[in-house]
Amino acid sequence: APAARAQEQATQPGSCAAAIRAVLTDIAARDLDTSAGPPLNAFLTLNPSAIAQADALDRRTAAGDPRGALFCVPVAVKDNFNTYDMPTTVGSLALIGNQPPADAPFVARLRDAGAVIVGKTNMDEFAMGIRGLSGAGGRVGNAYDTTQSAGGSSSGSAAAVGTGYVPFALGSDNCGSLRLPAVYNGAVTLRASYGRFDTHGIFPIGF
């Protein structure tokens with residue numbers, strides 16, 4: 001019954017569930033398309049629970065609960081942030097199937113504000129690079145020309161924003177890993193000072 005209700009809600013115009021279904025459909029249709037060249041390949045994993053989570057937001061709204069500041073905003077998350085409902089591989093074959101028990105605080109704050117995490121984005125393996133290459137997912141293409149570089153290491157997150165899958169995404173930066181992909185893919189990035197946010201649950205590479 002809950003699954004049937006979620007399916008019905010997901011097709012109702014104007015619902016959060018319908019909006020998230022449309023985002024996932026768009027990603028599934030375009031992300032690995034090779035008809036015009038190499039694929040964009042921005043995502044490693046799509047969230048199998050995203051529509052159900054959006055349906056829960058719809059039901060809470062219908063019950064009179066206040067909407068969060070990011071109500072039903074689709075967000076992509078770099079695959080070095082822990083997510084309780086999707087594996088965290090950090091782009092590595094060695095960590096395929098690695099399932100964290102809880103969200104990273106950064107991810108939890110987004111969900112608390114009403115955002116829906118639609119998937120985990122491809123990245124340079126272990127965030128070691130500037131070209132968007134991973135053993136787990138292969139190469140990320142540029143949002144404007146998939147034959148060109150997407151930068152790195154937050155390549156998938158920037159490409160997902162640049163190509164219009166999501167309005168914003170999480171990435172991480174030790175030495176250009178937010179800034180290079182942003183400028184390559186026509187996105188804007190905010191890089192906080194170290195210590196400004198809790199970095200628990202983000203795969204460490206450095207300070």
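How far should the 13 residues of helix α3 span at 1.5 Å a residue? The expected value is 18 Å, and the end C-alpha atoms of α3 (residues 50-62) are 18 Å apart, so the two agree. Keep in mind as you read that this is a predicted model.

You can try the same check on helix α2, which runs over residues 16-30. With 15 residues, α2 reaches 21 Å from its first C-alpha to its last, close to the 21 Å expected at 1.5 Å a residue.

Now look at how these two helices sit together. The axes of α2 and α3 come within 7 Å and cross at roughly 160°. Angles over 145 degrees count as roughly antiparallel, and α2 and α3 are therefore roughly antiparallel to each other. Their crossing is right-handed. On the α2 side, the residues that meet α3 are C16, A17, I20, R21 and L24. Their partners in α3 are A50, I51, A54, D55, L57 and D58.

Which residues of α2 are buried? They are C16, A17, A18, I20, V23, L24 and I27. Here a general rule helps: an α-helix has 3.6 residues a turn, so residues three or four places apart point the same way. Try stepping along α2 with that rule in mind, and look at I20, V23 and I27 among its buried residues. In α3, the buried residues are A50, I51, Q53, A54, D55, L57 and D58. Just after α3, you will find G64, which takes a positive phi of about 100°.

Next, let us move to the nonpolar interior. The largest nonpolar core has 24 residues, and C16, I20, A42, F43, V116, V118 and Y165 touch the most other members. Helices α2, α3 and α5 (155-162) and strand β3 (116-121) are the elements that give two or more residues to this core. The largest share, six residues, comes from α2. Apart from this core lies another, of twelve residues, among them V77, M86, I117 and I202.

Y165 is a good residue to click on. Leaving aside neighbours within four places in sequence, Y165 is in contact with V23, D26, I27, R30, D31, L40, A42, F43 and A160. One of these contacts, D26, lies in helix α2. Is D26 buried or partly exposed? At 26% relative accessibility, D26 counts as partly exposed, because buried means under 20%. The C-alpha atoms of D26 and A50 are 24 residues apart along the chain and separated by 14 Å.

For a contrast, visit S157 in helix α5. S157 is buried, with a relative accessible area of 4%. Not counting residues up to four places away in sequence, S157 touches V77, K78, T121, N122, A169, L170 and G171.

Finally, the backbone has some unusual spots. Most residues other than glycine have a negative phi, and most peptide bonds are trans. N41, in the loop between α2 and β1 (43-46), has a positive phi of about 60° although it is not a glycine. At 8% relative accessibility, N41 counts as buried. A127 also has a positive phi of about 60° without being a glycine; you will find A127 in the loop between β3 and β4 (133-134). A127 is buried, with a relative accessible area of 12%. Lastly, a cis peptide bond joins G152 and S153, with omega about 5°. S153 lies in the loop between β5 (138-139) and α5.

Terms used:
Residues numbered from 1 in each chain as written. Predicted model: local features only at pLDDT ≥ 70, side-chain atom pairs only at ≥ 80, totals over all residues. Heavy atoms only, no water. Helix = DSSP H or I, 4+ residues; strand = E, 2+ residues; numbered from the N terminus. Expected span 1.5 Å × (residues − 1). Buried < 20%, exposed > 50% of the residue type's maximum accessible area, 1.4 Å probe, protein only. Core = buried A, V, L, I, M, F, W, Y, C linked by side-chain atoms within 4.5 Å. Contact = heavy atoms within 4.5 Å. Axes fitted to C-alpha atoms, helices over the stretch in contact; angles between N-to-C directions. Parallel < 35°, antiparallel > 145°, perpendicular 65-115°, else oblique. Left-handed = near helix turned anticlockwise from the far one by under 90°.
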